[in-house]
Amino acid sequence: MIDKLSYTADYETITRDDTECVWLWDICNMLTLEHIHNTNMDTFLDFVNKLKFGANIYFHNLKFDGSFLINHMLTHGYNMNVGSSKHLKIGEFSPLITEFGQFISITLRNNNNKIITFIDSLKIIPLSIAKMAKDFGLTIKKGEINYTKPR
C-alpha cells in the first residue's frame, strides 16, 4: 500500500507591477516521471490539496520557492501553526526555518487530511541542478528559458 509519494517541483517567477509572482509551476512524480504544470499558485495548491496520499515535495532552494508558497497560503485562508507539525488541522501548515533564515521544510495538512511536506533538496544535495545532472550522468539536463520574454 502507498502511504507517501515523492515529487520534485519548481516555480518560475517574474516581476509584475513591482511584485515578484509565480507565472509557471511544474511538479514531477519521482516514480512515474509524470509532469503536471500550470500558471498560478491557486492551481498548484489545488493539486497539492487533492493528493490522496501523503507526499514529500522537493524544491531545490526552498527558501526561494517556499517564500511564495507561504505568502500565498497566508493570504488565501491557510493558517500557520508554529507548534508541532504532528497536530496540524486541515488547512494548517508549519514551516521549519532556522534562526538564520534557512528553510528546512514546510508541512501542510491538505484537504484530504494527508500530510504534505515541502523539503529543501539543496540541503540534501548541495549542487546546482545543472551540476547534478552532469555529475550523476543523467540523460535529462537543466532546461533553459528566455527570462526576458514577457509572460
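The following paragraphs lead the reader through a helix, a pocket, two backbone features, a salt bridge and a surface patch. The structure is a predicted model.

A convenient starting point is helix α1, which spans residues 41–50. Its N-terminal end is capped by N40, a side-chain oxygen of which lies 3.1 Å from the backbone nitrogen of D42. Within the helix, the buried residues are M41, F44, L45, F47, V48 and N49. The spacing of such positions can be read against a general property of helices: an α-helix has 3.6 residues a turn, so residues three or four places apart point the same way.

Helix α1 also takes part in the second largest pocket, since it is one of the elements that give two or more residues to the lining, together with β2 (19–29) and α2 (62–74). The space in this pocket amounts to about 170 Å³. Its lining consists of 13 residues, and those nearest the centre are C21, M41, F68, N71 and H72. M41 thus appears twice in this account, as a buried residue of α1 and as one of the residues nearest the centre of the pocket.

Attention may now turn to the backbone. Most residues other than glycine have a negative phi. Against that background, L33 has a positive phi, near 65 degrees. L33 is found in the loop between β2 and β3 (35–38), and it is exposed, with a relative accessible area of 58%. N61 likewise is not a glycine, yet its phi is positive, at about 100 degrees. This residue belongs to the loop between β4 (54–59) and α2. N61 is partly exposed, its relative accessible area being 32%.

How many salt bridges does the count give? The count comes to one salt bridge. It joins the side chains of K123 and D120, with a distance of 2.8 Å from N to O. The two partners may be described in turn: D120 is buried, with a relative accessible area of 2%, whereas K123 is partly exposed, with a value of 41%.

Finally, the surface carries a nonpolar patch of about 370 Å², made by I124, I125, F136 and L138. Of these residues, F136 can be placed in the segment after α3 (129–135). Why is F136 described as exposed? F136 is described as exposed because its relative accessible area is 52%, and exposed means over 50%.

Key: Residues are numbered from 1 along each chain as its sequence is written. This is a predicted model: local features need pLDDT of at least 70, side-chain atom pairs count only at pLDDT 80 or more; totals for chains, interfaces and linings use all residues. Side-chain values use heavy atoms; hydrogens and water are left out. Buried means under 20% relative accessible area, exposed over 50%, partly exposed in between (1.4 Å probe, protein chains only). Helices (H or I, at least four residues) and strands (E, at least two) are DSSP runs, numbered from the N terminus. A polar contact is a pair of N or O atoms within 3.5 Å; within protein, one must be able to donate a hydrogen and the other to accept it, and residues adjacent in sequence count only if both atoms are side-chain atoms. Patches are made of residues with over 30% relative accessible area and no salt bridge: like charges are joined within 9 Å, nonpolar side chains (Val, Leu, Ile, Met, Phe, Trp, Tyr) within 5 Å. Accessible areas come from the Shrake-Rupley method with a 1.4 Å probe; for residues, only the protein chains shown count as cover. A salt bridge is a side-chain nitrogen of Lys or Arg within 4 Å of a carboxyl oxygen of Asp or Glu. On a 1 Å grid over the protein atoms alone, a cavity is a set of points where a 1.4 Å probe fits but cannot get out, and a pocket is an open set with protein on both sides within 12 Å along at least five of seven lines; lining residues have an atom within 4 Å of a point. Grid points are joined across faces, edges and corners, and a volume is the space filled by probe spheres set on the points.
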